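This report describes a single protein chain for a reader working at the bench. It moves from the overall fold to aromatic contacts, salt bridges and surface patches.

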Amino acid sequence: MFTHEGPPHIPSLLDYCKKTGTPFSLKNVSKAELPFQPDCVASIYYRFIIKRNVIDACNGRIFNLHPSLLPKYRGCSSLTWAMIDQQPEVGFTFHYVDEGCDTGKILIQKRIAIFPFDNQATVYYRVATAAMEHFDQAVDMVIANAAGEIQGGDSTYFPRGCPFDGHIDPTWPLDKIETFIRAMIHPPYPPAHYKGKPILTLDEFLASHKDST
């Protein structure tokens with residue numbers, strides 16, 4: 001298992017490996033010595049770009065789970081950006097790994113609605129749960145060398161980092177501010193902020209903005 005260390009409030013694959021006696025490494029898989037030739041490789045929220053040597057080691061039978069409707073929202077914070085952009089739906093994509101960033105052929109893709117009551121946490125867990133219901137299917141497709149479908153349409157990409165550094169811009173329309181606040185709610189991560197204060201609702205922003213003016 002190739003994984004990484006994480007903060008204590010996130011379920012730890014590292015701790016799970018220790019408890020179950022599963023061999024693991026914290027090295028970048030593309031720079032490490034692979035212990036054997038894998039039949040199939042699954043990448044789930046892996047932090048490093050996987051290089052050609054790993055792709056070739058498993059004869060291209062390597063896939064990734066990405067929380068967006070690719071080719072939209074490649075990169076990081078995909079669900080957050082989709083909510084900020086006020087998309088009516090999000091989703092997930094199981095896709096082959098190539099040398100690009102979330103650019104491989106699509107194996108499985110499902111759409112999931114965003115509701116007016118949603119925040120980032122509710123969207124995240126709904127997408128993650130739905131995706132895991134299709135994980136075994138994705139493995140079977142990769143083992144069987146399914147062709148996959150080339151990604152089509154316009155693409156977008158977002159680098160690692162908090163959108164707008166988590167700061168509310170008071171010049172935004174109120175509907176964007178409200179959506180941004182909901183898109184930033186995913187405890188225990190920090191919520192949106194304004195004038196150095198955490199903001200959890202539009203009413204809190206309006207009160208804080210009124211006080212500052």
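Helices (H or I, at least four residues) and strands (E, at least two) are DSSP runs, numbered from the N terminus. In these terms, Q37 is found in the loop between helix 1 and strand 1 (41–44). The model is a predicted one.

**Overall form**

The secondary structure of the protein comes to seven helices and eight strands. Along the principal axes, its C-alpha atoms fill a box of roughly 65 × 40 × 25 Å. The protein has 213 residues, of which 39% count as buried.

Two C-alpha separations help to place residues within this form. Q37, the loop residue introduced above, is 20 residues from C17 in sequence, and the two C-alpha atoms are 20 Å apart in space. Q37 counts as exposed because its relative accessibility is 58%, and exposed means over 50%. D211 lies in helix 7 and is likewise given as exposed, with a relative accessible area of 62%. Between the C-alpha atoms of D211 and F63 there are 51 Å, and the two residues are 148 residues apart along the chain.

**Aromatic contacts**

How many aromatic pairs does the model contain? The count comes to 15 aromatic pairs. One of them joins F63 and F135, with 5.8 Å from centre to centre and 45° between the planes, and this pair is tilted. The tilted label applies because planes under 30 degrees apart count as stacked, over 60 as edge-to-face and the rest as tilted.

The F63 and F135 pair links distant parts of the chain: F63 belongs to strand 2 (residues 62–66) and F135 to helix 5 (residues 135–143), and the two are 72 residues apart. Is each partner buried or exposed? F63 counts as buried, at 0% relative accessibility, whereas F135 is partly exposed, with a relative accessible area of 24%. Elsewhere, ring pairs link Y73, W81, F158, F164, W172 and F180 into a cluster.

**Salt bridges**

The model has four salt bridges in total. Three of them are set out in the table, each with its nitrogen to oxygen distance.

| Acidic residue | Basic residue | N to O distance |
|---|---|---|
| E99 | R52 | 3.4 Å |
| E89 | R111 | 2.5 Å |
| D118 | R126 | 2.8 Å |

The side chains of E99 and R52 meet in one of these salt bridges. E99 lies in the loop between strand 4 (89–96) and strand 5 (106–113), while R52 lies in helix 2 (residues 52–57), so this pair ties together parts that are 47 residues apart in sequence. R52 counts as partly exposed, at 35% relative accessibility.

E89 forms a salt bridge with R111. Because E89 lies in strand 4 and R111 in strand 5, the pair ties together parts that are 22 residues apart in sequence. E89 is partly exposed, with a relative accessible area of 30%, whereas R111 counts as exposed, at 56%.

A further salt bridge brings together the side chains of D118 and R126. In this pair D118 counts as buried, at 0% relative accessibility, and R126 counts as partly exposed, at 26%. Salt bridges that share partners also join R52, D56 and E99 into one network.

**Surface patches**

Which residues form the negative surface patch? D175, E178, D203 and E204 form it. Helix 6 (174–183) and helix 7 (202–212) each supply at least two residues of this negative patch. D203 has its place in helix 7, and D203 is exposed, with a relative accessible area of 61%.

A nonpolar surface patch of about 470 Å² is made by M1, L13, Y16, F24 and L26. Among these residues, Y16 is found in helix 1 (residues 13–20).

**Summary of placement**

Helix 7 contains D203, a member of the negative patch, and also D211. Helix 1 holds Y16, which contributes to the nonpolar patch. Strand 4 and strand 5 are tied together through E89 and R111, and strand 2 and helix 5 are linked through the rings of F63 and F135.

Conventions
Residues are numbered from 1 along each chain as its sequence is written. This is a predicted model: local features need pLDDT of at least 70, side-chain atom pairs count only at pLDDT 80 or more; totals for chains, interfaces and linings use all residues. Side-chain values use heavy atoms; hydrogens and water are left out. Rings of Phe, Tyr and Trp (its six-membered ring) pair if their centres lie within 6.5 Å; planes under 30 degrees apart count as stacked, over 60 as edge-to-face and the rest as tilted. Buried means under 20% relative accessible area, exposed over 50%, partly exposed in between (1.4 Å probe, protein chains only). Patches are made of residues with over 30% relative accessible area and no salt bridge: like charges are joined within 9 Å, nonpolar side chains (Val, Leu, Ile, Met, Phe, Trp, Tyr) within 5 Å. Accessible areas come from the Shrake-Rupley method with a 1.4 Å probe; for residues, only the protein chains shown count as cover. Lys and Arg count as positive and Asp and Glu as negative; His and the chain ends are not counted. The place of a charge is taken as NZ of Lys, CZ of Arg, CG of Asp or CD of Glu.
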